[in-house]
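Open the model in your viewer and keep the sequence panel beside it. This tour goes stop by stop, saying what to select and what is there.

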Amino acid sequence: MKGGKSKATKADSKKADSRLSAKKQTKKEKQAAKDPNKPKRAASAFFVFMEDFRKQYKEKHPTNKSVAAVGKAGGDEWKSMSKEDKAPFVAVAEERKMEYERKMKAYNKKLAGQEDEESDKSKSEVNDEEDEEGSGEVSEEDEDDD
């Protein structure tokens, strides 16, 4: 059976396409919207080192425009450093991490507080509606009976 055609029909291919598109939709749905008020994560010791290294590298190599070259040189420099040389950068990174954790606690408390306020509002709105319904107001139908 040379060059035989598959027995798949157009309906089968449509089903497969719909399954594929459904998977793409679920991936998009899974992505949560980012909160712009959320604190940014603290930089690692290497990135603290790179902040200073970039400045020094640009002073020594003013004509170099390659970001990759700066990153590669910084990585090589970081690898060649001893633990004692890295210690100040590690200390700064730890301080930033502590500050980040403090901000995250405050951020999470703020979020929890907002959720409680919203749920209280919705409860009070429901109670207000119930009060209006049974509030003893006389409707037109009740007046007609008199």
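What share of the accessible surface of the protein chain belongs to carbon and sulfur atoms? The answer is 50%, out of a surface of about 13300 Å². Keep in mind that this is a predicted model.

**Stop 1: the whole chain**

Show the protein chain as a cartoon. You will find 5 helices and 0 strands. Read along the sequence, the pattern is α-α-α-α-α. The chain has 146 residues, and buried ones make up 12% of them. Now turn to the contacts between residues at least 6 apart in sequence. Of these, 73% join residues at least 24 apart.

**Stop 2: the core**

Select A45, V48, F49, M50, F53, Y57, V70, W78, M81, F89 and A93. These 11 residues form the largest nonpolar core. Colour them by element. Those giving two or more residues to this core are α2 (45–60), α3 (67–80) and α4 (83–133). Which of them gives the largest share? It is α2, with 6 residues.

**Stop 3: helix α2**

Stay with α2 and select its two end C-alpha atoms. They are 23 Å apart. How does that fit the length of the helix? At 1.5 Å a residue, the 16 residues of α2 should span 22 Å, so the two values agree. Next, centre the view on D52. Here α2 has a kink of about 25°. Then select the buried residues of α2: A45, V48, F49, M50, F53 and Y57.

**Stop 4: F49**

Pick F49 from that set. Leave out residues up to four places away in sequence, and F49 touches G74, E77, W78, M81 and F89. Two of these partners, W78 and M81, belong to the core you coloured earlier, as does F89.

**Stop 5: F46 and F47**

Move along the sequence to F46, which also lies in helix α2. Is F46 buried or partly exposed? F46 counts as partly exposed because its relative accessible area is 24%, while buried means under 20%. Show its partners beyond four places away in sequence: F46 touches G74, G75 and W78. Then select V90. F46 and V90 are 44 residues apart in sequence, yet their C-alpha atoms are 8.1 Å apart in space.

Step on to F47, another residue of helix α2. F47 is partly exposed too, at 45% relative accessibility. Where does F89 sit relative to F47? Their C-alpha atoms are separated by 8.7 Å, and along the chain the two are 42 residues apart.

**Stop 6: G71**

Select G71, found in helix α3. G71 is partly exposed, with a relative accessibility of 31%. Add F53 to the selection. The C-alpha atoms of G71 and F53 are 9.3 Å apart in space, and the residues are 18 apart in sequence.

**Stop 7: the salt bridges**

Side chains of opposite charge can pair when their charged atoms come close. How many salt bridges does the structure hold? There are 2.

Select E51 and R96. They form one salt bridge, and their closest N and O atoms are 3.0 Å apart. This pair links distant parts of the chain: E51 is in helix α2 and R96 is in helix α4, 45 residues apart. E51 is partly exposed, at a relative accessible area of 33%. R96 is partly exposed, with a relative accessible area of 33%.

Now select E99 and R102. Here the closest N and O atoms of the salt bridge are 2.3 Å apart. Both residues lie in helix α4, 3 residues apart, which is about one turn of the helix. At 32% relative accessibility, E99 is partly exposed.

**Last look**

Show the core and both salt bridges together. Find α2 once more: it supplies 6 residues of the core, bends around D52, and carries E51, the partner of R96 in α4.

Technical notes: Residues are numbered from 1 along each chain as its sequence is written. This is a predicted model: local features need pLDDT of at least 70, side-chain atom pairs count only at pLDDT 80 or more; totals for chains, interfaces and linings use all residues. Side-chain values use heavy atoms; hydrogens and water are left out. Helices (H or I, at least four residues) and strands (E, at least two) are DSSP runs, numbered from the N terminus. Buried means under 20% relative accessible area, exposed over 50%, partly exposed in between (1.4 Å probe, protein chains only). Contact means heavy atoms within 4.5 Å. Accessible areas come from the Shrake-Rupley method with a 1.4 Å probe; for residues, only the protein chains shown count as cover. A nonpolar core is a set of buried Ala, Val, Leu, Ile, Met, Phe, Trp, Tyr and Cys residues joined through side-chain atoms within 4.5 Å. The expected span of a helix is 1.5 Å times one less than its number of residues. The bend at a residue is the angle between axes fitted to the seven residues ending there and the seven starting there. A salt bridge is a side-chain nitrogen of Lys or Arg within 4 Å of a carboxyl oxygen of Asp or Glu.
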